[in-house]
Amino acid sequence: MDRPSPNFHPGLIGSAPQAPAPPKTGVGIIKRRRGTGVYVTWLVAPSTIWLILFLIVPLLSIIVFSFWQINDQNVMVPNFTLVNYAEYFHTEGFFDPSSDKFLTLSSNILTLWTTLRLTMEVMVICLLLAYPIAYFLAMQVKAFKWQLALFLMCMVPFWTSYLIRTVAWVPMLGRRGLVNKFLLWIGIVEKPLGFLLYSEFSLTLALVQLYVVLCIGPIFFSLAKIDNSILEAARDMGAKPYQIFREIILPLSLPGVAIGMIFIWVMIMGEFATAGLVGGGKMALVGNSIIDLMGTGQYPPASSIALMLMLTMMIGVFIILKLVDIRKQL
Amino acid sequence: MKQKSVKSTATTPKNGVSRRKILQTAAQAATVGAIASGFPYRFNIVHGAESFRTIGLGVSVINEIQSKASKDIGHRIRGQALGYGAMFGKMLTQNTQYEVAEGYYNDMDVMWPNKVWQPIDTRRIKHWDQISNLAKTGKLTPGSQYGQGDAPFRQLWLDSNAKVTLNGPTRYVTMVPGWHNADSIGYNPDETGRVIDSWGDLMSDEFKGRVALLNIPQIGMMDATMAVEALGLYKFKDKGNMTRKEIDFVIDYLIKKKKAGHFRALWETFGQSVQLMTSGEVALESMWSPAVTAIRAEGVKCIFASPKEGMRGWHGGLAISAKVSGRKLDAVYEYINWWLDGWAGAFVARQGYYMSTYKRSKNYMSAAEWDFWYEGKPAATDLPDPFGTIIIKKGKIRDGGSYEQRFKKIALWNSVMDENSYLVKRWGEFKNA
Amino acid sequence: MARWTAERKKKAWIKTLFSGYYILFIIFIFGPMFAMFVLSFQGRLAGTNFPMRSYGFYWWKKLIEPSVVGDMQGALLRSIILALIVMVITAVFSTMLGMAFRKKFVGSGLLFYMIMSGIMVPGILISLGLAMVLKVLGITPTWWFSALGVHVIWTLPFGFLIMMAVFNRFDHSLEEAARDMGASEWTVFKEVTLPLILPGVVAAGLFGFTLSYDEFARTTQVAGEFNTLPLDIYASFTQRIRPTIFALGTGSTIFSIMLIGLFVLVYTLIFRRK
């Protein structure tokens with residue numbers, strides 16, 4: 001075993017040997033609490049300043065733009081109008097029974113819905129694929145160096161620019177691509193399958209391949225912290241493997257699952273390039289609408305769409321966090 | 001000197017970074033690569049009186065062009081090639097970050113009223129009189145027809161209030177006309193089995209599932225509109241500036257076709273359109289003409305169609321940021337004059353683009369090159385691309401005929417319509433159908 | 001005794017099963033790269049598609065020559081330097097935030113959503129917004145200042161959430177004990193906390209590196225006059241897509257795998273000596 005030394009346990013975060021609880025005196029607690037307050041301020045100050053400079057200020061300008069207007073000269077004019085938001089929800093002929101758009105939601109909302117649906121699909125697939133990998137790394141691979149090495153292997157494709165990787169899907173899945181060649185060769189199909197590329201299938205596949213690694217990290221950390229002694233105790237009490245998994249491992253790994261979900265959620269909701277390169281532009285994601293508007297300088301409507309997207313993402317994160325408390329102390 | 005530059009690159013700047021040092025380090029990165037492989041460093045930056053920056057697409061911002069210009073006129077020119085979206089945004093919102101904008105006339109509706117560029121004095125343009133009438137009047141030859149949309153002559157001239165006017169010629173212009181081309185459909189004759197000679201063929205049921213369309217809403221819409229009109233389904237008043245009703249008609253038609261599985265893909269970048277054809281994914285697609293050359297260079301058959309309705313044109317040029325003045329402005333004018341002088345025109349011609357001062361480009365091209373690229377005659381010898389690779393074999397002929405034939409009949413120029421944001425919204429519906 | 005062997009057999013079997021799954025998984029995520037590896041050895045007159053027309057190192061050689069459009073080597077170097085700086089900042093900031101968020105404090109909810117906004121705001125707009133703000137302030141955007149700014153905004157939430165997973169159910173008793181023995185906060189952190197959370201810090205940094213190296217949308221408007229690698233690659237798409245980018249992808253993959261091998265080797269050597 002090449003485990004370093006007993007008090008250097010990188011593989012088992014937080015499950016260090018129990019130390020006897022120190023005697024707590026009233027004075028000690030008060031003193032420490034005050035100390036902690038100052039200490040917290042210092043800990044969050046650099047990030048907060050950075051966030052204000054590079055996030056909050058630009059974000060405020062986006063919020064301001066969303067109330068501005070483009071005049072008929074294509075110039076953005078300061079204003080306070082809700083027209084961009086009205087346009088967001090507006091469908092021509094919504095209340096007109098004779099129109100074919102009668103009671104149809106606005107195209108922006110439909111685009112948001114498409115994006116949402118795709119995100120959910122990708123999220124579920126990513127979780128299903130990533131969980132066993134994280135489990136394998138945390139529970140089956142014992143040495144830290146191998147855990148890290150095998151995790152890094154999953155990250156290697158990420159170090160090739162995604163622009164390159166998405167272009168590489170074409171020679172893989174195209175009509176004359178490797179997969180079709182293989183299928184023709186073994187004789188399963190008689191002519192190349194078209195749906196492999198430029199379809200919802202290829203888009204989902206490419207997105208899963210791009211982002212699945214984001215799920216592995218957090219789930220791995222949650223699993224790695226599960227104390228082996230709990231599992232052994234359960235086993236000694238005669239619990240069956242699936243019971244142990246359902247009653248102990250799964251609940252304890254939920255924070256990691258939730259964080260992985262948040263990663264995938266925000267990544268796919270904001271995605272745009274892959275939809276063009278691998279999806280063949282056949283599905284419009286919210287990101288594409290924003291790009292299309294920005295490509296002609298329509299910043300106010302682009303801003304309002306972006307803010308609605310952000311709001312949706314925020315609600316999603318909020319729901320995920322309500323379902324799983326990632327700060328739970330057990 | 002070279003030894004020294006390698007050394008300073010090795011130290012990674014971290015704390016107390018000086019802007020210059022990082023820039024140096026970055027610039028030297030290329031040097032290191034070049035030295036490592038034993039190649040001479042190609043960008044011998046001439047220390048001239050002025051240095052300035054130019055931004056644009058990879059069509060005109062090509063290292064060899066800017067470094068040749070630097071050498072010829074003795075200024076330091078830094079070109080930054082960007083993708084279309086990044087270029088557009090930077091041109092519109094950051095005119096302090098460039099001196100020259102290698103822009104496009106279809107963006108003028110947005111750029112000019114926002115006052116990011118300055119009027120250009122035609123009296124300071126040495127070869128102004130040699131710029132062809134295509135950009136100045138809209139008619140390359142007296143017998144040509146006007147194209148609809150944002151033709152350069154509609155976006156070129158400025159009145160005394162620096163407003164764009166249709167009443168040219170005037171002394172001041174928005175942008176100096178440069179490289180341009182006409183787009184139509186590219187197809188693989190083995191796959192289509194016949195000649196494609198109409199925009200309507202894009203929608204033909206014979207090619208169901210083997211068609212790709214351009215996914216830039218403004219331009220993709222124009223190609224689709226050309227097809228709808230060619231099929232006689234609708235008569236448009238002005239395809240360069242459509243009404244909501246007209247947009248609705250085309251989009252609804254596209255949605256119907258899409259639901260029937262007509263389109264294989266929508267493409268966004270030049271490279272993607274090439275890949276679609278070379279990978280055998282599509283039989284025909286709306287295409288930019290140099291893409292055809294690139295496809296053939298990979299050994300795949302491809303023909304550039306000459307639709308009987310006429311092609312869709314686009315025109316680029318050189319604009320100057322409103323923030324430039326003094327000696328830097330003089331230097332920028334020198335650069336623009338250099339562009340019009342002919343060397344650059346010959347360079348872009350070898351990639352299949354045309355130049356506004358094409359008669360000057362002739363001086364920098366061999367007779368065989370001129371005949372092939374501009375006159376539409378068979379290649380008398382093997383012809384290279386700008387980088388020396390032979391891409392045209394002897395005896396080949398350029399599709400679409402001569403320059404004059406091609407630009408005599410431009411049906412439509414790339415445009416941004418008044419109903420642009422409505423168009424974008426409905427285009428999204430098409431994509432999601 | 002017999003039961004013990006059966007148990008062991010079963011364990012070994014399960015491990016094999018998982019290892020098999022891991023290998024399949026690796027094949028899946030490397031899938032599209034396989035075509036890329038092969039195609040990077042295309043001959044001169046060929047493109048980014050099958051069939052292979054000829055073989056050679058032509059596009060690999062192109063990798064070290066100056067590019068036609070843009071400047072791939074310079075962009076690569078800039079992207080790596082930028083990603084390394086982002087990596088360090090992400091790791092440090094995430095650790096600090098992770099430490100702070102172990103207890104609720106005034107404004108912790110607000111700060112949490114503020115951090116999370118960094119990944120929720122569409123990148124292309126935050127890029128534009130920052131560019132406009134900088135223009136008003138008269139500050140020149142550069143890749144090592146404004147692009148760095150938005151990159152950290154983007155990577156920080158990832159690192160932060162990883163640290164949340166690390167500090168979740170974190171055992172405080174060791175730290176308490178050290179404190180009671182009179183250790184200063186810094187000593188407690190260095191001697192007790194850091195060794196326990198180190199893998200998380202490393203992971204946060206790696207996420208920072210990876211995400212920054214690959215970032216495109218956020219960089220578009222604030223890179224200044226020098227492109228990062230993704231901007232450069234995208235600009236080159238206005239020309240033909242050349243197999244050079246496949247050579248680049250293959251090269252960086254091989255390089256990364258070699259680094260991992262090196263890491264395992266060095267790690268083994270260091271801890272064997274101890």
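## Domains and interfaces of chain B and its partners

Across the interface of domain 2 of chain B and domain 3 of chain B, the rule finds 0 salt bridges. This is a predicted model. The report starts inside chain B, then moves out to chain C and chain A.

**Inside chain B**

Chain B has 433 residues, and 64% of them are buried. Its secondary structure amounts to 18 helices and 18 strands. Take the contacts in chain B with a separation of 6 or more: residues 24 or more positions apart make up 68% of them.

The domain assignment splits chain B into three parts. Domain 1 covers 2-36. Domain 2 joins 51-174 with 313-341. Domain 3 joins 182-306 with 409-432.

**Where domain 2 meets domain 3**

The centres of domain 2 and domain 3 of chain B, taken over C-alpha atoms, are 28 Å apart. In the contact, 14 residues of domain 2 of chain B touch 14 residues of domain 3 of chain B. Together these two domains bury about 1400 Å², with 51% of that on carbon and sulfur atoms. Which residues of domain 2 lose the most area to domain 3 of chain B? They are Gln148(B), Gly313(B) and Trp314(B), which together hold 46% of what the domain 2 side buries.

What links the two domains, then? The rule finds 9 residue pairs in polar contact across this interface, both residues at pLDDT 80 or more. Salt bridges number 0 here. On the domain 2 side, the elements giving two or more residues are β6 (148-149) and β14 (311-321) of chain B. β14(B) gives the most, with 3 residues. By class, this side divides into 5 nonpolar, 7 polar and 2 charged residues.

**Where chain B meets chain C**

Here 50 residues of chain B are in contact with 41 residues of chain C. There are 2 salt bridges between these chains. How far apart are N and O in the salt bridge of Glu225(C) and Arg78(B)? The distance is 3.7 Å, and the bridge joins their side chains. Polar contact adds 8 residue pairs between chain B and chain C, both residues at pLDDT 80 or more.

Five elements of chain B give two or more residues to the side that touches chain C: α2 (19-36), β2 (76-81), α4 (84-93), α11 (270-278) and α12 (289-297). The largest share, 9 residues, comes from α2(B). This side of chain B has 20 nonpolar, 23 polar and 7 charged residues.

**Where chain C meets chain A**

This contact takes 119 residues from chain C and 110 residues from chain A. Salt bridges between chain C and chain A number 0. The rule does find 10 residue pairs in polar contact across the interface, both residues at pLDDT 80 or more. Helix α1 (residues 2-39) of chain C gives the most to the chain C side, with 19 residues. That side divides into 87 nonpolar, 20 polar and 12 charged residues.

**Buried areas side by side**

| Interface | Area buried | Share from carbon and sulfur atoms |
|---|---|---|
| Domain 2 and domain 3 of chain B | about 1400 Å² | 51% |
| Chain B and chain C | about 4300 Å² | 58% |
| Chain C and chain A | about 10900 Å² | 78% |

Methods. Residues are numbered from 1 along each chain as its sequence is written. Chains are lettered from A and ligands numbered from 1 in the order in which they are written. This is a predicted model: local features need pLDDT of at least 70, side-chain atom pairs count only at pLDDT 80 or more; totals for chains, interfaces and linings use all residues. Side-chain values use heavy atoms; hydrogens and water are left out. Contact means heavy atoms within 4.5 Å. Buried area is the accessible area (1.4 Å probe) that two parts lose on being put together, summed over both. A salt bridge is a side-chain nitrogen of Lys or Arg within 4 Å of a carboxyl oxygen of Asp or Glu. A polar contact is a pair of N or O atoms within 3.5 Å; within protein, one must be able to donate a hydrogen and the other to accept it, and residues adjacent in sequence count only if both atoms are side-chain atoms. Helices (H or I, at least four residues) and strands (E, at least two) are DSSP runs, numbered from the N terminus. Ala, Val, Leu, Ile, Met, Phe, Trp, Tyr, Cys and Pro count as nonpolar, Asp, Glu, Lys and Arg as charged, and the others, Gly among them, as polar. Domain bounds come from an automatic or database domain assignment. Buried means under 20% relative accessible area, exposed over 50%, partly exposed in between (1.4 Å probe, protein chains only).
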